[in-house]
Amino acid sequence: MLRFLRRRAAAPAHDPAHAAGGAASESSANEGRRGEGPGTLVTIVGSGAVQPVRGPLPTDAERLRLLARGHVEAVAGRCVQCGICSYNCPMGIDVRSYSREARPVLESHCILCGECVARCPRGVLRFALPDADA
Amino acid sequence: MTRRYVVVGTGIAGLSACEAIRERDASASITLVGEEPHPFYSRPGLAYLLTGSVPEKRLYVRTPAEVAALGIDRIHARAASLHPAEHRLALEDGRTIGYDRLLLATGAVSIPPEFPGGELDGVMQLDGLDQARAMLQRARRRGSAVVVGGGSTALEIVEGLHAQGMHVHYFLRGDRYWSKVLDPVESAIVEERLEMEGVRIHRRTEIARAVGENGRLAAVETVAGERIPCGVLAVAVGIRPRLALAKEAGIEVDRGVTVNELLETSAADVFAAGDVAQVLDPATGRAELDALWNSALRMGRAAGANMAGAGEPYRKHVPMNVTRVAGLVTTVIGAVGGGKDPDLKTMTRGQSESWTARGPSTTVQERHGTDRVRVLLGERAVQGAIVMGSQVLSHPLARLVADRVDVSSIRARCAADPATALDRLLAFHDRLYGNRAAAG
């Protein structure tokens with residue numbers, strides 16, 4: 001079984017971290033047009049929670065841990081098989097075929113770049129760690 | 001003996017049914033009838049084709065090898081009439097196909113424009129790949145476009161044409177966008193973002209007629225007398241199930257084709273699934289229509305299985321959909337809306353009738369910039385929720401709604417202290433399911 005990462009709770013209004021969420025959502029407006037400004041990336045913060053930010057790829061220890069053990073997974077019932085994930089995968093992985101059956105993307109070629117997670121217009125994909133690591 | 005299955009409709013319900021039949025019956029003869037000549041494609045994906053996020057070939061949901069392995073006989077023709085007593089389907093090209101089991105998966109179609117000039121070249125609707133292609137072709141000429149209608153389809157067109165470089169005018173009959181499902185705050189978030197992008201929203205504006213030159217659209221005239229020159233006029237005022245085939249065959253219909261738990265219609269050996277089928281919603285006790293891709297997929301699978309004799313009742317899920325409105329990922333779960341929407345004659349694609357069948361409830365909400373969560377607490381359970389922007393809460397909320405979890409123990413405190421209501425709900429969810437976000 002997998003333990004899923006997520007932000008612990010809805011951030012209260014005074015939480016400065018939340019401003020990043022707003023900015024990230026705005027950048028998603030640009031996802032429709034390729035090559036326009038920075039995309040939404042997902043960084044892993046110390047608490048083991050996932051939080052969208054706008055900025056360069058994180059290179060901290062948490063990211064290394066994810067690279068070694070993590071994977072992308074698909075949530076059932078949300079995918080409409082539009083193919084944006086596969087289209088944007090730099091490694092040529094057919095992410096959609098995993099998403100279709102809500103299977104974890106357990107592919108050795110996956111570099112966890114987050115393109116599919118960020119570009120999916122329906123929030124189907126997210127990062128996950130095996131239970132023992134979370 | 002080889003059993004003959006006929007499926008009418010090439011959308012996701014029809015495709016899923018064919019796959020479910022083949023899984024259970026390797027020797028069956030499966031015939032799939034539909035006018036669309038294209039490979040199976042993702043209908044919701046057309047929105048992203050319009051914005052340029054994905055090329056057409058990527059919309060195809062099955063590889064040629066998968067289609068070949070399915071072993072279906074695909075006929076590109078329009079079904080003309082169904083004769084349940086003789087177990088026979090007549091096609092428009094004159095052919096007749098006999099069947100042992102037949103599935104109606106004919107889907108829904110946009111309501112045509114009713115204003116004068118609706119027949120002009122340049123007046124467009126978005127039902128399938130052909131229309132999306134035509135829109136993209138038109139958009140190459142740039143210039144102005146007018147969009148009328150509501151719900152997700154109208155917005156998909158607005159965003160698509162805008163992304164293609166057209167100057168888009170969006171007409172709203174009332175004061176705000178999608179008033180049947182969104183609340184005023186949510187509408188405002190969407191409208192603000194559209195306007196920021198450069199879409200011109202005309203509120204309290206109704207189209208009077210489309211004006212043409214030599215049969216081609218040249219401008220739109222509003223009831224107030226304004227004239228807007230445009231090369232495209234897109235109309236998305238709602239959809240209607242395609243009922244003609246069933247109706248003329250004497251099959252029982254209401255707003256859709258009435259089906260029982262096994263997705264059987266009133267005619268022996270005729271089943272229905274997808275946007276055309278009207279299924280009992282256990283949550284409301286009423287038979288309702290869904291125009292949701294995932295519902296159609298599940299219904300198609302269930303119908304196919306039952307046609308092959310599985311006898312498994314179809315259980316309607318809590319209707320849920322995720323759409324991107326004005327660039328914001330938005331999840332609608334359960335019953336969230338109600339009332340009237342002057343921009344829509346019926347419902348839109350990507351919507352469920354159950355969403356607007358709300359009972360008495362208390363609303364708790366939180367907003368941080370463009371992230372917004374609205375939860376409707378019923379007497380006993382969470383009736384529905386809308387999660388806009390950050391999707392962190394959509395999985396736990398979907399589960400609370402789907403499982404009809406009794407939240408009456410925390411309801412009063414949630415209502416009394418809205419600032420902490422969502423934290424309370426989430427803590428409640430975590431206690432119940434363990435601290436994980438997995439959808440069940």
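**A walk through the predicted model**

B:D127 is buried, with a relative accessible area of 16%, in a structure that is a predicted model. This aspartate has its place in the loop of chain B that runs between β9 (123-124) and α4 (129-139). Two polar contacts start from its side chain: one, of 2.8 Å, joins it to the side chain of B:S110, and the other, of 2.2 Å, leads to the side chain of B:R349. Both partners appear again in the list of residues in contact with B:D127, which, once neighbours within four places in sequence are left aside, consists of B:R43, B:A108, B:V109, B:S110 and B:R349.

From this polar site we can turn to the nonpolar interior. The largest nonpolar core has 107 residues, and those with the most contacts inside it are B:L82, B:L89 and B:Y170. Among the elements of the structure, helix α8 of chain B, spanning residues 293-307, gives the most to this core, contributing seven residues. Another core lies apart from it and has 23 residues, including B:L377, B:A398, B:V401 and B:I410.

B:Y170 deserves a second look. Leaving aside neighbours within four places in sequence, B:Y170 is in contact with a list of residues that includes B:V147, B:G149, B:G150, B:A154, B:L155 and B:V158. The same list also holds B:Y177, B:L194, B:V199, B:R200, B:I201 and B:H202.

The contact with B:Y177 leads on to the aromatic rings, of which the structure holds two pairs over all chains. In one of them, B:Y170 and B:Y177 meet edge-to-face, with 6.3 Å from centre to centre and 65° between the planes. In the other, B:Y177 and B:W178 form a tilted pair, with 6.0 Å between the centres and 50° between the planes. B:Y177 takes part in both pairs, and B:Y170, B:Y177 and B:W178 form one aromatic cluster. B:Y170 and B:Y177 are both buried; B:Y177 counts as buried because its relative accessibility is 1%, and B:W178 likewise counts as buried at 2%.

Rings also meet charged side chains in chain B. The charged end of B:R74 sits over the ring of B:F40, at 4.7 Å from its centre, while B:R399 lies over the face of B:Y433, at 3.9 Å from the ring centre.

The cysteines raise another point. A disulfide is a covalent bond between the sulfur atoms of two cysteines, and a search of the whole structure finds zero of them over all chains. For A:C89 the distance explains this, because the closest cysteine sulfur, in A:C113, is 6.2 Å away and therefore too far for a bond. A:C89 counts as buried at 16% relative accessibility, and B:C414 also counts as buried, at 0%.

Finally, the backbone shows a positive phi at residues other than glycine, with one example to consider in each of chains A and B. Phi of A:A102 is near 50°, and this alanine lies in the loop between α4 (95-100) and α5 (115-119) of chain A. Phi of B:D269 is near 65°, and this aspartate is found in the loop between β18 (257-258) and β19 (270-272) of chain B. A:A102 is partly exposed, with a relative accessible area of 29%, and B:D269 is also partly exposed, with a relative accessible area of 26%.

Terms used
Residues numbered from 1 in each chain as written. Chains lettered and ligands numbered in written order. Predicted model: local features only at pLDDT ≥ 70, side-chain atom pairs only at ≥ 80, totals over all residues. Heavy atoms only, no water. Helix = DSSP H or I, 4+ residues; strand = E, 2+ residues; numbered from the N terminus. Buried < 20%, exposed > 50% of the residue type's maximum accessible area, 1.4 Å probe, protein only. Core = buried A, V, L, I, M, F, W, Y, C linked by side-chain atoms within 4.5 Å. Contact = heavy atoms within 4.5 Å. Disulfide = S-S within 2.5 Å. Polar contact = N/O pair within 3.5 Å; in protein donor to acceptor, adjacent residues only side chain to side chain. Phe/Tyr/Trp six-rings, centres within 6.5 Å; stacked < 30°, edge-to-face > 60°. Lys NZ or Arg CZ within 6 Å of the ring centre and 35° of its normal.
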